[in-house]
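The exercises below are meant to be worked with the sequence and the three-dimensional view side by side. Each one sets a task and then goes through a solution in steps.

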Amino acid sequence: MKTLIDKIGSSRVVLSPMAGYSDSPYRKICRQMGSAYSITEFVSTEHLFRSNPKAIALFRYEEIERPLVFQVFGKDPDIVAKGINRVLHLNPDGIDLNMGCSVRTVSASGSGAGLLKTPEVARTIIRRLTAETNLPISAKIRLGWDSGNLNYKEISAMLESEGVWSIAVHGRTRQMGYSGRANWDAIGEIAEACRIPIFGNGDVTSYEEAHQKIQDYGVYGVFIGRGAIGNPWLFAGKNREFLNYAERLPTILEHVQSMAKFYGDQAAAILMRKHLTQYLHGLPEWNRMRKVVHHLTSARLLEEYLSTGMAVPT
Ligand SMILES: Cc1cc2nc3c(=O)[nH]c(=O)nc-3n(C[C@H](O)[C@H](O)[C@H](O)COP(=O)(O)O)c2cc1C
């Protein structure tokens, strides 16, 4: 079995893949703060197979992010294998199969969490990925399709027997989407039954909480998604709520600059808005700044405004 464990430092907390958020600029910031490794958002293997440039662009990254894992989704083992072959030259450190996406267009067609309904297809995909890439393979799952089909024990046992180096488990069913609470007892059951590293995932919002979960449920580590948006300090064990504007600013500016380099000046300003809502969460300054920020269409001007607090001509 190929593993990434040797390449991961002592950190046990990881930025969970999130489409539209965990792009290269944000992964880089989180990794520098202490996220154990980097995972791209999920990318369609159908699109990769057709050499769709937008899909391939989602795998752009910087060396500093390593260890770097490409996450893919798909339902046809042959297409998954051919799709991944199109991007192996980009030299990722591992491949993660998405078996947890609950979005209807993905899961209802049999990809993402849809694979929980077809474990034999998932098994074949893992086999093909292992054979084609010679890289460490992992999977990210949910507990089952719905409460009547909680097959996480079978799925995790199957994945382990196929040689994945780790499994990340979001403690909800596909039917739950993001409602209710993640079931950490079930995550703990998987951690107890498997010998490979299990990363628990769901509703964790702080470094302390992540370490508490590791202790309480025997998981190797914890993936943090929504709680890490606009909150990279979490990976350094810092509580954003205790950081004032001046203390948050350097990281935010680094993010803006990195986004401008990655997406261009205008797109970066627009894409930063959703991050800033979270970055400046709970600060009185944000109430005043929000309107201006949402009108700025240049990262350069955004940077200036955030630095000086002075409205700048758009
Ligand atoms: C906006 C958004 C996009 C997401 N995109 C992905 C994705 O591309 N791949 C994936 O495995 N999970 C994705 N997820 C799920 C998260 O990685 C995570 O499993 C889920 O949010 C639960 O963890 P949390 O409670 O820490 O947010 C996404 C979640 C959100 C909110």
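Helices and strands here are DSSP runs, of at least four residues for a helix (H or I) and at least two for a strand (E), and they are numbered from the N terminus. The model is a predicted one.

**Exercise 1. Locate N134 and N91, and decide for each whether it is buried or exposed.**

Step 1. N134 is placed in the loop that runs between helix 6 and strand 5 (137-141), while N91 is found in the loop between helix 4 (77-85) and strand 4 (94-99).

Step 2. The cut-off needed here is that a residue with 12 or fewer other C-beta atoms within 10 Å counts as exposed. N134 has 10 C-beta neighbours inside 10 Å and therefore counts as exposed; N91, with 12 other C-beta atoms within 10 Å, is exposed as well.

Step 3. Turning to the backbone, phi of N134 is near 60°, a positive value in a residue other than glycine, and phi of N91, likewise positive in a residue other than glycine, is near 65°.

**Exercise 2. Describe how helix 6 packs against helix 7, and name the residues that meet.**

Step 1. Two packed helices are described by the angle between their axes and by the distance between those axes. For helix 6 (residues 119-133) and helix 7 (residues 152-161), the axes come within 10 Å and cross at roughly 20°.

Step 2. An angle under 35 degrees counts as roughly parallel, and helix 6 and helix 7 are therefore roughly parallel to each other. The crossing in which helix 6 passes helix 7 is right-handed.

Step 3. On the side of helix 6, the residues are P119, R123 and I126, and they meet E154, I155, M158 and L159 of helix 7. Sorted by class, this contact of helix 6 with helix 7 holds five nonpolar and two charged residues, and no polar ones.

**Exercise 3. Carry out the analysis for helix 10 and helix 11.**

Step 1. Helix 10 and helix 11 (residues 265-279) have axes 8 Å apart and pack at an angle of about 150°.

Step 2. Since angles over 145 degrees count as roughly antiparallel, helix 10 is roughly antiparallel to helix 11. Helix 10 passes helix 11 in a right-handed crossing.

Step 3. The residues contributed by helix 10 are R248, I252, H255, V256, M259, A260 and Y263, which meet D265, A267, A268, L271, M272, H275 and Y279 of helix 11. The contact of helix 10 with helix 11 divides into ten nonpolar, two polar and two charged residues.

**Exercise 4. Why is helix 1 described as largely enclosed, and what do its buried residues pack against?**

Step 1. Nine of the ten residues of helix 1 (residues 24-33) are buried, so this helix is largely enclosed by the rest of the structure.

Step 2. The buried residues are S24, P25, Y26, R27, K28, I29, C30, R31 and M33, and they pack against strand 1 (13-15), strand 2 (38-44) and helix 10 (245-263).

Step 3. Just after helix 1, G34 takes a positive phi of about 135°.

**Exercise 5. Trace the surroundings of the loop residues W145 and G218.**

Step 1. W145 sits in the loop between strand 5 and helix 7, and with 19 C-beta neighbours inside 10 Å it counts as partly exposed. Not counting residues up to four places away in sequence, W145 touches A113, L116, K117, T173, R174 and Q175.

Step 2. G218 lies in the loop between helix 9 (207-217) and strand 8 (221-224), and it is partly exposed, with 15 other C-beta atoms within 10 Å.

Step 3. Leaving aside neighbours within four places in sequence, G218 is in contact with G188, A191 and E192. G218 and G188 are 30 residues apart along the chain, and their C-alpha atoms are separated by 6.2 Å.

**Exercise 6. Which residues come nearest to the ligand, and how does its shell divide by class?**

Step 1. Of the 22 residues around the ligand, those that come nearest are S16, M18, F42, G225 and R226.

Step 2. The shell around the ligand divides into eight nonpolar, ten polar and four charged residues.

How values were computed: Residues numbered from 1 in each chain as written. Predicted model: local features only at pLDDT ≥ 70, side-chain atom pairs only at ≥ 80, totals over all residues. Axes fitted to C-alpha atoms, helices over the stretch in contact; angles between N-to-C directions. Parallel < 35°, antiparallel > 145°, perpendicular 65-115°, else oblique. Left-handed = near helix turned anticlockwise from the far one by under 90°. Contact = placed C-beta atoms within 7 Å. Nonpolar A, V, L, I, M, F, W, Y, C, P; charged D, E, K, R; others polar. Buried ≥ 20, exposed ≤ 12 C-beta atoms within 10 Å, placed from the backbone. Near = placed C-beta within 6 Å.
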